[in-house]
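I opened my notebook for a look at a new model. Here is what I looked up, entry by entry.

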Amino acid sequence: MQTETILYIIIAAITALLLALFQYMYKSKVKSNLKYTLTALRALSVFGILMLLINPKFESKTFYDEKPTLVVAADNSESVSYLEQDQNANRVIETITTNRELNERFNIQKYSFGKTVKGLDSLSFNERQSNISEALKQFGEVYANETAPIVMLTDGNQTYGSDYSYVSKTVDQQIYPVVLGDSTVYSDLSIKQLNVNRYVFLKNKFPVEIITNYNGTETINTELKIWSGNTIVFSKPIQFSAENTSEIVSTALTANSVGVKAYRVELAPLQNEKNTVNNSKNFGVEVIDQKTNIALVYDRLHPDLGALKKSIESNEQRSVTILKPKEYLSSINDFQLVILYQPSNNFNLVLDEIKSQKLNSFTISGVTTNWVLLNNSQDFFKQTITNQTEDFQPSLNKNYSTFIIDNLFFEDYPPLRSEFGTLEFLVPHDVILSKSVNGIDTGQPMLSTFEIDNTKHALLSGEGLWRWRAQSYLDSETFNDFDNFIGKLVQYLGSNKKRNRINIDYKSFYNGNDDVIISAQYFNKNFEFDNSAALTIILKSKSDDSVREVPLLLNNGNYRVDLSGIASGAYDFTVKHNTESISASGSFEVLEYNVEQQFLNADIDKLVSLANNSSGKAFYSTQYDELISDLLSDNRYATIQKSTKNIVPLLDWKYLLGIIALSLFAEWFIRKYNGLI
């Protein structure tokens, strides 16, 4: 307690006593037997009131020891067991986590990682992907303010995510890789990478690029073949040597029929080659018989034009041509959909043709849109013209029922600029996004779709879509989420299919290590999203006619099922409602491929580099005793003594207030009883 506070308490005590003495001792007529009691009660009351005003506090310090954290992270991917290192991994973890000296020195935290990081209970080595960079990134964030060296048991073979050599530079912890794998170098052939488009068009040739690799010192000959079923559609002899360890093979195959077509690329194996799994790789293409051509009509240049073209053409089934209004009118029959970007006076004839030919359209307005022309050219919506603009942020309508929207958090997206004023729809419409200002939803539509006279239309009030695409990349390091959203909108507008009460979203084929996820939306008879439905998927294998039923779970406004891990092959499926006779069907194919079985050795060089860059040290799985010794002897991991300082009131005001009230009442009662009042 501070000296100043003590002085205040002494003054308060003296003041209270003097006041009480003045009242009951100085020229007082109170009997001698009572005046001392009353003096004490009055002094206590005044002193208590003064103590409330002073509110004295004192400091208390507590000391404690904080041990550093030891993060033990084990690679739980299939490659560890494929390299026959699962027993070594379990032995090292058991030795480290049960070591008495380590437990006295550190707080040991155990984790496992594959594609994601989890708390370690037991290791199954069944993860189909390994993302070392994400694991390091998460450990760096969680233990950013602590001393927490990281012991990472892994073969160093990453199959998903960014290069962990660079991520390690952002982790402010020492990393101790324990290498799981053989350091012996074997001669090995492998297909390092295969590049092919997902969609091709009927009767067209599509390019295939194959990067082959050789690890060895002798000169060898092999042959590359591409199979379609039991037929060889391409072959080429290849020679490798110590100097020529890689070759890129390019060819073009012909798409002869519509549908999903599966191919297999393989390199003829070497004699006594240890790993032949990485000699072959399956790939697939979907052959379609038409391409959706989209006209993007503009009258002034804007970054949104390039963003829209990039986004829509990320799907090879679609082609975007950017045209002036007169250019579009001369080739209007070549397109299945027209996007009108900020219509001006020059769009007059274009709007007339869209209305007379009943064409599907997507209108995007902004600060230079001629709303007088737009209001007069159609009877679907009317915008109040104020000649003022405002920035509006999007707010997602999670009950939008026309197609599935996921993976986008529009509330975090930059605002779009559009005309200030009321937008009124004159026809039934569905709102995808509404306008919000300062987090308050205005109820005004920003992006809406509507159907009239067997045509489909969309209206977006706002320019600046290029910022949304950039924000999507900042959020997820990929444009895919935004591109998929725009792709679904364009797919809906470019099609004349009727709405279904169950909409399903899936891919026609999945690579062996892809997540096989199927999404669905269910709507009631009024086409309102129903979040209480019970949906089931019936999955039937075409190869053995086996059938399995799996319920769909509600997740972020969609019903989803994760079928990852199912065997490769072709499947038919039906999503049905459990109590109504409503269903939707589809089919897909899972291509055989296991990325975790493509490795022959641990990536020792990269793990050593990881350790050196973080001021750690790499060890083999047989050197765990040396690892333990290094951790125990390193002065960077000393126990730190810390203290906490608490400032607390000397007296609880509730109790003090009670004492004051009690003393005042006692004084009043005594005086009243003795006729002094």
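Which residues are exposed on the other side of α10? I found Leu349 and Ser356 there, where exposed means over 50% relative accessible area and buried under 20%, with a 1.4 Å probe and protein chains only.

A note on my source: this is a predicted model, where local features need pLDDT of at least 70 and side-chain atom pairs count only at pLDDT 80 or more, while totals for chains, interfaces and linings use all residues. Residues are numbered from 1 along each chain as its sequence is written, and side-chain values use heavy atoms, leaving out hydrogens and water.

Back to α10, residues 348–357 (helices are DSSP runs of H or I, at least four residues; strands are runs of E, at least two; both are numbered from the N terminus). I saw that Val350, Leu351 and Ile354 are buried. They sit on the same side of α10 because their arc around the axis is only 100 degrees, taken from the directions from the helix axis to the C-beta atoms. I reminded myself that an α-helix has 3.6 residues a turn, so residues three or four places apart point the same way.

Next I checked what covers those buried residues: the list includes α9 (325–330), β17 (337–341), β18 (361–365) and α11 (371–377), with contact meaning heavy atoms within 4.5 Å. Just after α10, Lys358 has a positive phi of about 55 degrees.

Last, I turned to β10 (220–228) and β11 (231–240), which pair in the antiparallel sense over nine bridges; pairing needs at least two DSSP bridges. Trp227 stands opposite Ile232 in β11. The two strands form a hairpin with two residues between them, and Gly229 in the turn has a positive phi of about 70 degrees.
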